[in-house]
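Q: Hey, I've got a structure open that I've never looked at before. Can you walk me through it?

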There are 2 protein chains.
Amino acid sequence: MQRLINHPDEVVDDMLAGFLRVHGDAVQASAANPRVIFKKHLADRPARVGLVSGGGSGHEPAFVGYLGDGLLDAVAVGEVFSSPGPGAFQEAIRGADRGNGVACLFGNYAGDSMNMQMAVTRAAEEGRRVAIVKARDDIASAPKSEAQKRHGIAGGVLMWKTAGAVAKRGGTLDEVIAIAEKTATRTRSVCVGLSPCTIPAVGKPNFTIDPGHYEFGIGHHGEAGQYVASLVDAQSIAQAMVAALLEDFGPQAAGGEFAVMVSGLGATPLMEQYLMAGHIHDALQEAGRAVWRSYVGDYVTSLDMNGLCLTLLQLDDDLKDLLSFPSSALGLASL
Amino acid sequence: MQRLINHPDEVVDDMLAGFLRVHGDAVQASAANPRVIFKKHLADRPARVGLVSGGGSGHEPAFVGYLGDGLLDAVAVGEVFSSPGPGAFQEAIRGADRGNGVACLFGNYAGDSMNMQMAVTRAAEEGRRVAIVKARDDIASAPKSEAQKRHGIAGGVLMWKTAGAVAKRGGTLDEVIAIAEKTATRTRSVCVGLSPCTIPAVGKPNFTIDPGHYEFGIGHHGEAGQYVASLVDAQSIAQAMVAALLEDFGPQAAGGEFAVMVSGLGATPLMEQYLMAGHIHDALQEAGRAVWRSYVGDYVTSLDMNGLCLTLLQLDDDLKDLLSFPSSALGLASL
C-alpha cells in the first residue's frame, strides 16, 4: 500500500486528530465520544433546528467536512466504510439539539439506517424531537420501482445544503424535513469507476477493475455497478451517465433546470473532472435541459478510488433560493 | 491509462471547455487566444492593479482555478507540464491591464521565466507598466545558497492571495509587487511522492517510485527529489518534512507564527491529507512554532501523482491581515 498512514487500524482516529487540529477553532469532539464532532459554541447561537449526519469514514470531506455555517451541526464518524454505532448517533443528536428539534440527514445504508433508527428512538425517550431523511440518489443501487432501497451517495451534500439553509433561516423541524425530503426526491446520481479503492486495514483492493475497462454504476464502497465495459472516450461516458440519469428522472423532468455536481472519488485529477463537466453540460443541453449551476471537485470520495460521481438535482425556484444561501463547509478547501 | 479523457493531445482544450462551461458567468477566453482566460467585466470594475499568472496544465486547480475575486485576473494556460508561449502571457497581461499596471506572479521554471520575460518586454513596448515576482518555494529544487534558482510549487498560491488582497484594496503596483516578493521570500515547501504521474500524451509514468518506497523532495513534475527511502509511517514523514523546512528557514524563523498549507498532489485522499496535517501541527508545536491557520486540500496538483506538498509561510501581522481578506477562487470546490 502506497499510503500516508500510520497503523492501518488507526486511520480514522489519526484523520480526526488532524481535522481537529486544523479546525479546532470551529469544532470539537464530544467529551463522551471522541468519534462525535460538534460545531463549537452552539449553545451561544440563536436556537435553530439541529442538523446531524454521519456514516463510515473514507468519504472525506464527507461527513465531518460538512460541519459548518449553514450546514451540519454534529456528525458521528464511523470506521472506514462502516456505520457509527447507535450511541455515536445519539450523542450527535444530543449535541445538535438546541430545543428546536433535530433533523438526521444521512445515506440510505443498512447499518446507518439501523443504528440511526435506534439512536432516534433513544433520543425520543429523552424527550427530544427528531426526524430523519435518507439520501437515496444512487440510481444504480436499486431499480426505480424500489427507489426507497437506493443508497445515498454524493447527492446527500445538496440535501444538507438546502436543509441547512432552511434551518439557518429559522425554519421549523417540519420545514427542514420537508425541504430535505424534497431535495432527496429530486436528486439522482450515478458513478463510474476506473480503478478500485483499498481499505487500509484490509491492505488490498476490495474489488478489481481490469485495465482498459470501467464500471458503470459502481457504488461508493465498490458495490457492483450495472455493467463493466471497455474504457472509451470521456465524452461517451459523460453522455451515458447523463442519459441514465435523465431516463430515471423520466418525463416529469423535461424542460427542467438542474444543479449539476461532478464529484471526484478520491484519486481523480481535477483536470478530468472539469473535462467531464464540459461533456456533461453538452449532453444536458442536447437533451433540452438547462444547467443552473455546477459544482466540481471532491465532494464525496471513496478512499483512493479513481472515478467520478455525477449528481443531478431537478430545481425549482425554492431550491435555487436555498442553494444560493451562504454556507461554509469546513472540509472544502478555501483560501 | 485508466483516465477520463478523449484524445490525449486534447486534454487541455477539453478541460478548459469544461471550466468555461462551469464558470462562464465569471470568466471568458480571449478572442485572440483561447488558451488565455480572463475574469469577465474587468473594465466595469474599479481600476486596480491586474494580477496575471499561468504555466503548464496538469496542476489544477492551478492556474486557471485561481481566477476569482481578490485573486488572479488573467491566466495563460500551457500544455500539460509545458509553459504557455510569450504571446499567451502577453495577451493575459493585456487582458488584466486596467491602467494601474500588472503584476505577473508565477513559478520559477525556465520556460515560464523566459516566455514571461519576453511578454513583459513586449508589454512594456506597448506602454504598459508590468513587474514580475517568481514563487521559488521548493527547497528541494536547489540549495539555499542558490535560493533564487528554486522552483515555485504550491506556495505560489499564498503569494496570489496576499498580492490579490493588496490589489483589491487599491494598492499600487509597487505595493502589490512588494507584498508578493515578501510572501515569496517567506514561503518554503517540500513534497513527498508515493506514486508517479502520467502525462496523457505520453501514456506511461514519466518516472518510477518502487512500491514500498517514497521520494522526499520530489518536484511538481516528478523532478528528482533529495532521496528515495523505504515507506515509513506518516508521522515520521511529516516530521521529516517539517524538519527540512525549519532547517531551511534557519534561526530567523524561531518563535514565529506560520500559515500551513497541506496540498494533495492529485490522487491523495483527503483522509490522508488531514492525517498528515495533524502530525505536521504536532511537529511544529514540538519545535516551538505556532500555527496561525492551516489550509488542507488539493491546492496545486501534479496530474494523478500520489503524494503531498507541505508549505510554510512565516507570518507577520501584515501577512495575517492580507490572508484574512476575503477572496474566492473559482476552481476550489464550494457549496
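A: Sure, one term to begin with: contact means heavy atoms within 4.5 Å. With that, 100% of the interface residues of chain B are also interface residues in chain A, so the copies meet through the same surface.

Q: Anything I should know about the model itself?
A: It's a predicted model, where local features need pLDDT of at least 70, side-chain atom pairs count only at pLDDT 80 or more, and totals for chains, interfaces and linings use all residues. Residues are numbered from 1 along each chain as its sequence is written, chains are lettered from A and ligands numbered from 1 in the order in which they are written, and side-chain values use heavy atoms, with hydrogens and water left out.

Q: OK, how many residues does the contact take from each chain?
A: Chain B gives 72 residues and chain A gives 72 residues.

Q: And what area is buried between them?
A: About 5400 Å², with carbon and sulfur atoms giving 62% of it. Buried area here is the accessible area (1.4 Å probe) that two parts lose on being put together, summed over both. On the chain B side, L4(B), M271(B) and L335(B) supply 19% of what that chain buries against chain A, more than any other three residues.

Q: What turn lays chain B on chain A?
A: A turn of 180°, with a shift of 0.0 Å along the axis and an RMSD of 0.0 Å. The two copies are thus related as by a two-fold rotation axis. The superposition is by least squares on C-alpha atoms of residues with pLDDT of at least 70 in both copies.

Q: Which residue of chain B comes closest to that axis?
A: That's A267(B), with its C-alpha at 1.8 Å.

Q: Switching to helices: at what angle do α1(A) and α7(B) pack?
A: About 60°, and the axes of α1 (residues 11-23 of chain A) and α7 (residues 270-286 of chain B) are 7 Å apart. Residues of α1(A) in this contact include M15(A) and F19(A), while M271(B) and Y274(B) are among those of α7(B).

Q: Any odd backbone spots?
A: A few. The peptide bond from A62(A) to F63(A) is cis, with omega near 0°, and the bond from E60(B) to P61(B) is cis too, with omega near 15°. F81(A) isn't a glycine, yet its phi is positive, near 60°.

Q: Why point those out?
A: Most residues other than glycine have a negative phi, and most peptide bonds are trans.

Definitions and conventions. Axes fitted to C-alpha atoms, helices over the stretch in contact; angles between N-to-C directions. Helix = DSSP H or I, 4+ residues; strand = E, 2+ residues; numbered from the N terminus.
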